[in-house]
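Me: I am new to this structure and would like a close look at a single part of it. Please go through that part step by step and then place it in the rest of the chain.

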Amino acid sequence: MNCDKCGESISTGEECRYLNQTLCEDCYIRIVDRAKTCDVAATHAAKKHRAALGQRGTEGLTELQKNICRFVEEQGKATREEIAGKFQLTDFEMEKQFAVLRHCEVLKATKEKGRVYIVPF
Ligand SMILES: [Zn+2]
């Protein structure tokens, strides 16, 4: 399998899914990081919205989002596969939930020893 972005070959199990793309971890981290930068306005709006509602931490999130946060906090870190498996999420749903949690600065992605983990923000 090859990375959709840079074309580098990815060994099985190392590939990262982002929306409909299969990416190597480097490209994945780069896209997630860039998404974070581009999303400053969205993050700001989400934070402002939550602040206006007096929401902090996991307040105002859906049950599923709260459960994902709790799971990640309990584990300290979790891979997307672990989270998706635990909550029976498709890649698309996982991305959607993670995007919201990242916007609200509850969770973030980090790379550790060559693996991507979701950790508390
Ligand atoms: Zn790549």
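Does phenylalanine 87 count as buried or exposed, and why?

Reply: The model is a predicted one. Phenylalanine 87 counts as buried, because its relative accessibility is 19% and buried means under 20% relative accessible area.

The position of this residue comes next. Phenylalanine 87 sits in the loop that runs between helix H4 (80-86) and helix H5 (91-103). Setting aside the neighbours within four places in sequence, phenylalanine 87 is in contact with Leu64, Asn67, Ile68 and Phe71. One of these residues, leucine 64, is 23 residues away from phenylalanine 87 in sequence, and the C-alpha to C-alpha distance between the two is 8.1 Å.

The same loop also holds glutamine 88, between H4 and H5. Glutamine 88 is exposed, because its relative accessible area is 67% and the cut-off for exposed is over 50%. Its backbone also deserves a remark: glutamine 88 is not a glycine, yet it has a positive phi of about 55 degrees. So the loop between H4 and H5 contains phenylalanine 87, which is buried at 19% relative accessibility, and glutamine 88, which is exposed at 67%.

The contacts of phenylalanine 87 include Leu64 and Ile68, and these two residues also take part in the contact of helix H3 with H5. Helix H3 covers residues 63-75, and it packs with H5 at an angle of about 75 degrees, the axes being 11 Å apart. H3 and H5 are therefore roughly perpendicular to each other, since angles of 65 to 115 degrees count as such. On the H3 side the contact is made by Leu64, Gln65, Ile68 and Cys69, and on the H5 side by Gln97, Val100 and Leu101. By type, the residues of this contact divide into 5 nonpolar and 2 polar, with no charged ones.

Threonine 62 belongs to the loop between helix H2 (40-52) and H3. Threonine 62 counts as partly exposed, because its relative accessibility is 40%. The C-alpha atoms of threonine 62 and glutamine 97 are separated by 9.5 Å, with their places 35 residues apart along the chain. Glutamine 97 is one of the H5 residues in the contact with H3.

After H5 comes a loop that leads to strand S3 (107-112), and glutamate 105 lies in it. Glutamate 105 is partly exposed, with a relative accessible area of 31%. Glutamate 105 and proline 120 are 15 residues apart along the chain, and their C-alpha atoms are separated by 8.5 Å.

Elsewhere in the chain there is a zinc site. The zinc ion is coordinated by the SG atoms of Cys3, Cys6, Cys24 and Cys27, at 2.2 to 2.3 Å. The 4 donor atoms subtend angles of 106 to 118 degrees around the ion, which makes the arrangement tetrahedral. The spacing of the donor residues in sequence is C-x2-C-x17-C-x2-C. Cysteine 24 and cysteine 27 are both buried.

Another loop, between strand S1 (16-18) and strand S2 (21-23), holds leucine 19. Leucine 19 has a positive phi near 50 degrees and is a residue other than glycine. Leucine 19 counts as partly exposed, because its relative accessibility is 47%.

Last comes the chain as a whole. The protein chain has 5 helices and 4 strands, and along the sequence they follow the pattern β-β-α-α-α-α-α-β-β. Of its 121 residues, 38% count as buried. Among the contacts between residues at least 6 apart in sequence, 44% join residues at least 24 apart.

Definitions and conventions. Residues are numbered from 1 along each chain as its sequence is written. This is a predicted model: local features need pLDDT of at least 70, side-chain atom pairs count only at pLDDT 80 or more; totals for chains, interfaces and linings use all residues. Side-chain values use heavy atoms; hydrogens and water are left out. Donors are N, O and S atoms within 2.8 Å of the metal (3.2 Å for Na, K and Ca); water is not among the atoms, so sites may look incomplete. Four donors count as tetrahedral if all angles lie between 85 and 135 degrees; four count as square planar and six as octahedral if opposite donors are over 155 degrees apart and all others between 65 and 115; anything else is irregular. Buried means under 20% relative accessible area, exposed over 50%, partly exposed in between (1.4 Å probe, protein chains only). Contact means heavy atoms within 4.5 Å. Axes are lines fitted to C-alpha atoms, for helices over the stretch in contact, and angles run from 0 to 180 degrees between N-to-C directions. Angles under 35 degrees count as roughly parallel, over 145 as roughly antiparallel, 65 to 115 as roughly perpendicular and the rest as oblique. Ala, Val, Leu, Ile, Met, Phe, Trp, Tyr, Cys and Pro count as nonpolar, Asp, Glu, Lys and Arg as charged, and the others, Gly among them, as polar.
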